[in-house]
Amino acid sequence: MAAAASTSMAATAVLMHRLPATKHAVVFSPLPNRLSLSSTPFKQVKEHTRSSQLLVKASSSDETSLDANELFTDLKEKWDAVENKPTVILYGGGAIVAVWLASTVVGAVNSVPLLPKIMELVGLGYTGWFVYRYLLFKSGRKELTTDIEAIKKKIAGTE
């Protein structure tokens with residue numbers, strides 16, 4: 001980024017020296033006015049561009065700030081409340097292995113020529129079908145919400 005900025009500053013300096021100096025002509029530069037590289041050292045130009053940038057500070061209110069100790073105590077309480085700790089560890093390890101395996105498969109598919117573009121087309125086609133089937137019309141949206149509610153009930157075990 002620094003190289004691009006110095007290149008644009010150098011181009012501005014060269015262009016500004018080649019423009020004819022007239023009293024009545026107004027010259028609009030597409031780039032902001034910068035210090036000339038020929039009259040100032042690069043370090044000063046770099047400091048000047050830093051000081052002219054807008055600085056933004058993030059602030060948080062006392063209500064939304066999280067205390068690390070409070071977070072760890074909450075996690076410890078939840079971990080102590082778990083009855084089948086080996087099962088949770090097994091599921092967590094399985095999830096990590098599944099994410100790694102999926103990443104490997106996606107990387108292998110991405111290295112095959114034309115296959116990523118075909119997959120993009122399949123994804124776009126499915127997205128279009130889903131929008132047409134479930135989101136475009138009111139009856140489709142009602143059907144989608146009833147299907148989602150049925151799945152929620154199956155997962156929660158209330159069905």
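A salt bridge, as the term is used on this tour, is a side-chain nitrogen of Lys or Arg within 4 Å of a carboxyl oxygen of Asp or Glu. A search of the whole structure, which is a predicted model, finds three such salt bridges, and the tour will visit each of them in turn.

**The whole chain**

Begin with the whole chain in a cartoon view, where six helices and zero strands can be followed, so that the order of elements from the N terminus reads α-α-α-α-α-α. If you colour the 159 residues by burial, 7% of them come out as buried. Switching to a surface view shows an accessible surface of about 14400 Å², with 66% of that area belonging to carbon and sulfur atoms. As for contacts in the chain with a separation of 6 or more, 21% of them are accounted for by residues 24 or more positions apart.

**The loop before helix H5**

Next, select leucine 114, which you will find in the loop between helix H4 (85-111) and H5. Its phi is near 70°, a positive value in a residue other than glycine. That is worth a pause, because most residues other than glycine have a negative phi. Leucine 114 is also exposed, because its relative accessible area of 65% lies over the 50% that the term requires.

**The first salt bridge, in helix H5**

Move on into helix H5, which covers residues 115-135, and select lysine 117 together with glutamate 120. These two side chains form a salt bridge in which the closest N and O atoms are 3.9 Å apart, and both residues belong to helix H5, three residues apart, or about one turn of the helix. Lysine 117 is exposed, with a relative accessible area of 53%, whereas glutamate 120 is partly exposed at 47%.

**Aromatic rings along helix H5**

Staying with helix H5, show the side chains of Tyr126, Trp129, Phe130 and Tyr134, which form one aromatic cluster. How many aromatic pairs does the count come to? It comes to five aromatic pairs. One of them joins tyrosine 126 and phenylalanine 130, whose ring centres are 6.4 Å apart and whose planes meet at 35°, so the pair is tilted. Tyrosine 126 and phenylalanine 130 both lie in helix H5 and are four residues apart, about one turn of the helix. Phenylalanine 130 counts as partly exposed, at 25% relative accessibility.

Another aromatic pair is made by tyrosine 132 and phenylalanine 137, which are edge-to-face, with 5.7 Å from centre to centre and 80° between the planes. Of these two residues, tyrosine 132 is exposed with a relative accessible area of 53%, while phenylalanine 137 is partly exposed with 43%.

**A nonpolar patch on the surface**

Keep tyrosine 132 and phenylalanine 137 selected and add Val131, Leu135 and Leu136, for together these residues form a nonpolar patch on the surface, with about 480 Å² of accessible area between them. Within this patch, leucine 135 has its place in helix H5, and at 38% relative accessibility leucine 135 counts as partly exposed.

**Arginine 133, a residue with two partners**

Now select arginine 133 with tyrosine 134 and glutamate 143. The charged end of arginine 133 sits over the ring of tyrosine 134, at 4.9 Å from the centre of that ring. Arginine 133 also forms a salt bridge with glutamate 143, where the closest N and O atoms are 3.0 Å apart. Glutamate 143 lies in helix H6 (residues 138-156) and arginine 133 in helix H5, so this pair ties together parts that are 10 residues apart in sequence. Glutamate 143 is partly exposed with a relative accessible area of 30%, and arginine 133 is partly exposed as well, with 33%.

**The last stop, in helix H6**

Finally, follow helix H6 and select lysine 152 with glutamate 149, a salt bridge whose closest N and O atoms are 3.6 Å apart. Where do these two residues stand with respect to each other? Lysine 152 and glutamate 149 are three residues apart in helix H6, which means that about one helical turn separates them. Lysine 152 is partly exposed, with a relative accessible area of 48%, and glutamate 149, at 40% relative accessibility, likewise counts as partly exposed.

Technical notes:
Residues are numbered from 1 along each chain as its sequence is written. Side-chain values use heavy atoms; hydrogens and water are left out. Patches are made of residues with over 30% relative accessible area and no salt bridge: like charges are joined within 9 Å, nonpolar side chains (Val, Leu, Ile, Met, Phe, Trp, Tyr) within 5 Å. Accessible areas come from the Shrake-Rupley method with a 1.4 Å probe; for residues, only the protein chains shown count as cover. Buried means under 20% relative accessible area, exposed over 50%, partly exposed in between (1.4 Å probe, protein chains only). Rings of Phe, Tyr and Trp (its six-membered ring) pair if their centres lie within 6.5 Å; planes under 30 degrees apart count as stacked, over 60 as edge-to-face and the rest as tilted. A charge sits over a ring if NZ of Lys or CZ of Arg is within 6 Å of the ring centre and within 35 degrees of the ring normal. Contact means heavy atoms within 4.5 Å.
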